[in-house]
Each structure stands twice: as C-alpha cells, then as structure tokens.
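Here's a protein to explore together. Take a moment to turn it around on your screen before reading on.

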Amino acid sequence: MRYTGRRAIVTGAASGIGEGTAKLLASEGAQVVLADVNGDGISAAAEQIGSAGGKASALWADVSDAKSVENLINTAAHAMGGLDTVINVAGIQRSAPVAETDPDSWDQQFAVNVRSVFLTAKYAVPHLRAAGGGQFVSVASIAALKGISGLTAYSASKGAIVSFTRTLAVEVAADNIRVLCLCPGWVDTPFNDPVVTFMGGEAAHQAMVAAEVPLARQGRPSEMAEALAFLASDAASYMTGQALIVDGGITS
C-alpha cells in the first residue's frame with residue numbers, strides 16, 4: 001500500500017486520467033478528494049471508490065478561479081487533517097490554425113491549463129510545508145516538447161507547465177516538497193476529440209498513430225495513472241523539477 005496515510009487532491013478527476021489516478025491512489029491507501037467542474041462525475045467516482053473500500057470525497061471546483069481553488073485546497077486539507085499530495089490533471093484542449101484561433105479560446109486554455117496549476121500551488125504549498133513536505137505533480141503533454149499542427153495555444157500552455165514545474169521545484173526544495181510533471185503522448189480518451197476532428201477524423205488519427213508512434217497505439221488512461229502514481233510515490237523520492245515523458249516513443 002504505497003499511499004497509506006497520504007492525503008491527496010486530484011483535479012480533473014471526473015473522467016479519464018484524473019479519475020483513474022484518484023481510484024489508483026485510493027486503492028493503495030490514500031484519502032482522496034476528487035475535484036472537477038463535473039460534479040456528477042466526481043460524485044460517481046467517489047462513490048465507486050467508497051464501494052471498493054477506499055476513502056474519497058467529491059468537491060466541485062473551477063480550477064481557473066482563485067476563490068474556488070482556495071476553497072478546494074483549504075476545505076480538503078481540513079477534512080483530511082492535512083495535505084501532502086496534489087495531482088493536477090484538469091485541462092482542456094482546443095484545435096485551430098493560429099490565424100483562426102479565437103483570443104478567448106487562447107485565454108481559456110491558459111486559464112484552465114496553466115492558471116489552475118499556479119493557483120493550486122499558491123494555496124497548497126503552505127499546507128504541504130505544514131505537513132513537512134509532499135508532492136506536487138501536474139499533467140503537461142508531449143505537445144510541450146513536439147510541434148503538433150493546430151495546437152499552438154494548447155502546446156504553449158503545456159510548455160508553461162513544464163517551465164513552472166522546474167522553477168517551483170527549486171523554490172520549494174528546502175521544504176521537502178517535490179514538484180514534477182508528466183508529459184503523456186496520445187491517450188485514448190475523449191479529451192483528444194478536438195484535435196482528432198482537426199486532423200480529419202478518427203481514421204486519419206489512427207493512421208497517424210500507427211505511422212508515428214513506435215509502439216503503434218495510443219496510451220491508456222490507466223497507464224498515465226500509474227506514471228502519476230509513481231511520481232507521487234516514495235519510489236521517485238530523488239526526483240524533482242523533471243518532466244517524465246510517457247508517449248509510446250513518439251518523441252524519442
């Protein structure tokens with residue numbers, strides 16, 4: 001049980017990678033607060049965790065809003081008796097050529113993908129310090145490292161997470177807080193629907209995966225959950241400020 005005694009928040013936990021990560025942490029002993037704007041989704045996931053014998057609760061949160069994140073962090077820490085693990089999975093993706101990208105779409109992607117990570121750090125770091133240390137892990141993307149047509153706003157937002165991770169890791173290292181991020185490749189979830197549509201549909205997407213991904217398939221949400229769980233575990237105790245790439249070899 002890698003996470004016995006751990007107290008964790010997972011954002012974007014209503015589906016996909018976030019839901020899988022919350023369930024994995026809970027199955028290995030952690031108390032978990034699931035956060036998302038999809039209240040029904042996190043409530044259902046928390047109930048499933050409880051039915052399996054785990055400890056979980058759901059808390060609605062808009063991770064782009066400062067007051068909402070402050071409430072999330074403080075309420076969760078109070079309910080669990082502290083906080084030592086934050087995993088930021090919440091994100092959105094929109095696809096368009098740069099000349100056709102609406103400025104509001106750009107701002108929205110930065111608000112949900114980047115501002116959210118800043119806000120969770122701002123309000124969680126004091127709790128992590130009070131706990132004597134902890135783990136702060138975020139989901140970036142291979143789009144931060146590899147050019148993908150039609151994803152200028154999304155790629156820029158994910159690149160910002162990689163840079164934020166490196167800098168925050170240095171800032172809080174003396175507090176025994178480790179800061180890491182995961183860069184997934186193509187993962188088989190509806191999250192990628194906008195870029196699949198931009199590419200011309202599922203057939204074109206599958207052809208691209210077969211041609212460009214050495215393992216010739218998309219990743220599974222459970223595989224990304226395992227990678228996030230590793231980064232948040234004691235097995236990664238000498239890692240901080242790093243971006244772990246899990247992409248089937250596409251950036252190799």
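What follows is a walk through a few spots in this predicted model.

Let's begin with open space. Rolling a probe the size of a water molecule over the atoms shows where empty space is left. The largest pocket holds about 780 Å³ of space, and 38 residues line it. To find its centre, look for Val89, Ala90, Gly91, Ile92 and Phe191, the lining residues that lie nearest to that point. Helix 1 (16-27) and helix 5 (152-172) are the elements that give two or more residues to the lining. Helix 1 gives the most, with three residues. What kinds of residues make up the lining? There are 22 nonpolar ones, along with twelve polar and four charged.

Now stay with helix 5, and pick out serine 157, which is found there. Is serine 157 buried or exposed? Its relative accessibility is 0%, so serine 157 counts as buried. Its side chain has polar company, though. A polar contact of 3.1 Å joins it to the side chain of asparagine 113. A polar atom of the serine 157 side chain also lies 2.7 Å from the backbone oxygen of tyrosine 154. If you skip the neighbours within four places in sequence, serine 157 is in contact with Gln109, Phe110, Asn113 and Val114.

Follow the chain to the loop between helix 5 and strand 6 (177-184), and you meet asparagine 176. Here's some background: most residues other than glycine have a negative phi. Asparagine 176 isn't a glycine, yet its phi is positive, near 65°. Alanine 216 also has a positive phi without being a glycine, in this case about 60°. You'll find alanine 216 in the loop between helix 7 (202-212) and helix 8 (221-231). With a relative accessible area of 47%, alanine 216 is partly exposed.

Last stop: the cysteines. A disulfide is a covalent bond between the sulfur atoms of two cysteines. How many disulfides does a search of the whole structure find? Zero. Cysteine 181, for example, is in no disulfide, and the nearest cysteine sulfur to its own belongs to cysteine 183. Why don't these two pair up? Their sulfurs are 4.7 Å apart, which is too far for a bond, because a disulfide needs the two sulfur atoms within 2.5 Å. Both cysteines are tucked away from the surface: cysteine 181 is buried, with a relative accessible area of 1%, and cysteine 183 is buried too, at 0%.

Technical notes: Residues numbered from 1 in each chain as written. Predicted model: local features only at pLDDT ≥ 70, side-chain atom pairs only at ≥ 80, totals over all residues. Heavy atoms only, no water. Buried < 20%, exposed > 50% of the residue type's maximum accessible area, 1.4 Å probe, protein only. 1 Å grid on protein atoms, 1.4 Å probe; cavity = no way out; pocket = protein on both sides within 12 Å on 5 of 7 lines; lining within 4 Å. Points joined across faces, edges and corners; volume = space filled by probe spheres on them. Helix = DSSP H or I, 4+ residues; strand = E, 2+ residues; numbered from the N terminus. Nonpolar A, V, L, I, M, F, W, Y, C, P; charged D, E, K, R; others polar. Polar contact = N/O pair within 3.5 Å; in protein donor to acceptor, adjacent residues only side chain to side chain. Contact = heavy atoms within 4.5 Å.
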